[in-house]
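Good morning. I will go through one structure today, strand by strand. Please have a look at it before I start talking.

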Amino acid sequence: MVVYRCRHCQRVVGEYGGSWDDPLLGLSKLTAHEQQELMDDTGPDQVQVNILCETCLPILYTERLWDN
Ligand SMILES: [Zn+2]
């Protein structure tokens, strides 16, 4: 399964019961480097996707932490 977790507040934003490379998710279209940056293997059948939740996205944008 796929777990979407906010990389700022660690909140679980969403879960997907299928495989991470399901075309629906679009993750398989990313480059290998992007996949490595975004995703962590957290178990034999579980992948964690590190994203920003709706709460943290505007905060980080304001603080310009994207530039790091
Ligand atoms: Zn967050």
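Y4 lies in strand β1. What we are looking at is a predicted model, so please keep that in mind throughout.

Is Y4 buried, exposed or partly exposed? There are 18 other C-beta atoms within 10 Å of it. A residue needs 20 or more to count as buried, and 12 or fewer to count as exposed. Y4 is therefore partly exposed.

Which residues does Y4 touch, if we leave aside its neighbours within four places in sequence? The contacts are V13, G14, V49 and I51. V49 belongs to the strand β4, residues 46-51, and I51 falls in that range too. Y4 also has a distant partner in sequence: C53 is 49 residues away along the chain, yet the two C-alpha atoms are separated by 9.1 Å.

Now the sheet. How many strands form it, and in what order? There are 4, arranged β2-β1-β4-β3, and the sheet is open with mixed pairing. At its edges are β2 and β3, the latter being residues 39-43, and each of these pairs on one side only. Direction ignored, neighbouring strands are turned against each other by 25 degrees on average.

Take one end of that order. Strand β1, residues 2-6, runs antiparallel to β2, and 4 bridges join the two. Within this pair, R5 stands opposite V12. The hairpin they make has 5 residues between the strands, and Q10 there takes a positive phi near 65 degrees.

Is β2 largely buried or in the open? Of its 5 residues, the number buried is 0, so β2 lies largely in the open.

At the other end, β3 and β4 are also joined by 4 bridges and run antiparallel. Here M39 stands opposite V49 in β4. You have met V49 already, as one of the contacts of Y4.

One last residue. Where is G18 found? It sits in the loop between β2, residues 12-16, and α1, residues 32-38. Why does G18 count as exposed? Because it has 10 C-beta neighbours inside 10 Å, and the limit for exposed is 12 or fewer. G18 and Q46 are 28 residues apart in sequence, while their C-alpha atoms are 9.5 Å apart in space.

That is the end of my part. Thank you.

Definitions and conventions:
Residues numbered from 1 in each chain as written. Predicted model: local features only at pLDDT ≥ 70, side-chain atom pairs only at ≥ 80, totals over all residues. Pairing = 2+ DSSP bridges. Contact = placed C-beta atoms within 7 Å. Axes fitted to C-alpha atoms, helices over the stretch in contact; angles between N-to-C directions.
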